[in-house]
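The following exercises concern a model with more than one chain. Please study the sequence and the structure before reading each solution.

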Amino acid sequence: MQVFTSVLVLGVFIEIFIVNDINSHKKRKANSMIGLAQVVSTNSISTLRFQDNEAAKNILSELLNVAPDITHAVVFDSSGKIFASYEKLGADSLTIPATLNDQEYVYTEKQLYVKSDIVNDHDRLGRVVLEVALTELIDTKAFEYKLAVTLFLIGLAFSFFVAFIIQAYISRRLLKLVDVMKAAGETGDYSKSIPDDGKDEISVLSRVFNNLMQQVSENQRRKDEFIGIASHELKTPLTSIKGYLELLNGVEEKEPNKQFVQKATQGVHKLEKLIKDLLDVSKIQSGQLELNKQEFDINQLLDETVASFQIVSKTHRIIIEGNPGRCIVVADRQRIEQVLINLLSNAIKYSAGAKTVMVYSKKNEKDLIIQIRDFGIGVSKSEQSNIFERFYRSKSNSVHVAGFGLGLYICREIIEGHGGKMWVDTEKKGSSFYFSLPIINI
Amino acid sequence: MTMKKILVVDDDADILVLMQLTLKMHDFQVEVISTWQQINETITNFNPDLIILDVSLNGADGRDICRTIKESPLTAHIPVILFSANAELGKNFKESRAQAFIAKPYELSDLLKTIKRNLN
């Protein structure tokens with residue numbers, strides 16, 4: 001943009017310079033020709049008095065030696081008739097512009113016309129009119145424009161060259177800044193800073209950025225500290241509550257007391273899961289979700305998880321289909337189990353009234369794809385991209401389902417942390433949640 | 001059969017009472033202390049078969065205390081179970097030579113299973 005503006009300004013200045021130069025050239029030319037016409041008119045006084053055409057013609061033809069660009073020179077008598085004339089060889093016929101009567105000189109496109117009255121003792125004897133070809137002026141004009149274009153191009157090239165060097169220097173520093181920003185965004189490590197001691201705007205930007213990074217880093221440290229303390233402080237009383245409820249459950253036989261205890265225990269389990277989820281989210285956000293990866297057979301984990309889930313679920317039958325046998329992945333077993341449990345419990349939660357949940361396990365060359373299909377309320381197309389966001393709760397559900405809207409977000413982050421993908425598809429009835437994991441082919 | 005003796009160290013009084021009740025109900029002889037400074041003295045007097053030790057103790061790290069227990073020839077043989085509300089702290093529990101780690105809030109069945117496994 002700056003280069004463009006500079007070039008435009010340069011162009012305008014060159015144009016002004018040329019126009020100015022041409023105008024002053026025109027004025028000089030007109031003055032010198034008027035001077036010449038006056039000399040001729042003075043010399044023509046006697047020729048007019050004595051009606052000596054030949055002498056007048058001679059005077060006019062001598063003009064050729066003085067000013068070779070004069071194409072016509074005419075002496076008119078007092079009645080306006082041609083008294084004597086001179087025409088340069090090869091010149092076009094003479095047409096005097098009417099406006100010359102009122103002005104001393106007139107410029108047309110290719111000619112200059114000047115006049116001078118022949119006056120002797122206040123007696124107007126006639127007039128001298130000169131027609132001058134402007135070849136010299138046209139040549140000068142062409143030359144100046146050529147020069148201007150050349151200068152303009154040189155200026156343009158030079159400014160691009162300078163801009164290129166400056167831009168490379170600026171870009172390098174800006175890209176470095178962008179790299180650090182990107183790295184911080186991806187890794188969650190805000191402790192890096194950019195050394196820049198300069199005094200220009202980019203240095204100021206770098207310093208402001210460094211300060212910002214420091215603040216973020218400090219806030220993150222405080223947040224982590226807070227989460228550590230909060231999770232400890234929340235879990236300690238929860239341990240007591242849970243422990244006492246378990247004791248009570250062991251000793252209480254009477255109904256409905258036992259039922260109350262069990263209800264309270266369910267509440268504690270929910271609370272416990274919620275605290276775990278919040279902790280997971282905060283770990284994901286600060287890039288501290290560590291995956292303890294090891295080799296294991298994911299289909300065995302799938303069988304085990306479904307089996308233990310089946311014991312708890314009294315409403316749905318969970319059917320595994322298409323189990324392709326042993327399938328080794330390098331992953332965090334506990335975290336993958338967490339994903340499976342989350343998807344299975346969602347499938348049951350959101351399909352009240354249905355009786356089955358299907359689980360498919362498919363293997364291709366690189367990945368294993370697990371599909372968990374329910375026959376419940378489904379996910380509308382418009383919500384498909386939102387349900388993996390934090391704190392997103394489906395708005396189309398007529399049934400209220402408890403939860404914080406963190407489960408799917410955590411699941412997707414866990415799967416993506418393993419290099420896999422997670423997505424959802426709407427079925428004719430219900431929905432299918434999929435996730436893929438890279439497998440090791442043995 | 002003599003009752004197995006368990007020492008519980010935690011700075012939270014509620015947890016201590018709960019542990020005492022739970023373990024007694026499951027036929028263990030229990031001693032609880034809330035300050036880690038008393039630990040050596042209690043081990044000498046009580047002579048526990050197993051120690052359950054909180055990681056975040058007021059003013060000390062349970063993992064360091066565990067290491068000290070394991071370094072002394074007099075106490076090295078006693079199995080130690082670390083427990084904490086911060087599951088992160090349990091990641092490298094083996095470095096402090098503890099036998100197991102339990103995250104709070106624990107399942108009673110898990111706690112009993114872990115205790116029994118380490119007593120045998």
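Axes are lines fitted to C-alpha atoms, for helices over the stretch in contact, and angles run from 0 to 180 degrees between N-to-C directions. Helices (H or I, at least four residues) and strands (E, at least two) are DSSP runs, numbered from the N terminus. This is a predicted model, in which local features need pLDDT of at least 70 and side-chain atom pairs count only at pLDDT 80 or more, while totals for chains, interfaces and linings use all residues. Residues are numbered from 1 along each chain as its sequence is written, and chains are lettered from A and ligands numbered from 1 in the order in which they are written.

**Exercise 1. Describe the open sheet of chain B and the helix H4 that lies across strands of chain B.**

Step 1. The secondary structure of chain B consists of 4 helices and 7 strands.

Step 2. Two strands pair if DSSP finds at least two bridges between them. In chain B, 5 strands form an open sheet with parallel pairing, in the order S2-S1-S3-S6-S7. Its edge strands, S2 (28–33) and S7 (100–103) of chain B, each pair on one side only.

Step 3. Strand S1 (residues 4–9) of chain B is joined to S2(B) by 6 bridges; Lys4(B) has Phe28(B) as its bridge partner in S2(B).

Step 4. Helix H4 (residues 108–119) of chain B lies across S1, S3 (50–54), S6 (80–84) and S7 of chain B, and runs at about 170° to S7(B).

**Exercise 2. Which strands pair with S5(A), and why is S5(A) largely enclosed?**

Step 1. Strand S1 (residues 70–77) of chain A runs antiparallel to S5(A), with 7 bridges between them. Here Asp77(A) stands opposite Gly126(A).

Step 2. Strand S4 (residues 111–120) of chain A also pairs with S5(A) in the antiparallel sense, over 10 bridges. Asp117(A) stands opposite Arg127(A) of S5(A).

Step 3. S4(A) and S5(A) form a hairpin with 2 residues between them, and Asp121(A) in the turn has a positive phi of about 50°.

Step 4. A residue is buried if 20 or more other C-beta atoms, placed from the backbone, lie within 10 Å of its own. Because 8 of the 11 residues of S5 (residues 123–133) of chain A are buried, the strand is largely enclosed by the rest of the structure.

**Exercise 3. How many residues does each chain bring to the contact?**

Step 1. Two residues are in contact if their C-beta atoms, placed from the backbone, lie within 7 Å. Chain A contributes 14 residues and chain B contributes 14 residues.

Step 2. On the side of chain B, helix H1 (residues 13–25) supplies the largest share, 6 residues.

Key. Buried ≥ 20, exposed ≤ 12 C-beta atoms within 10 Å, placed from the backbone.
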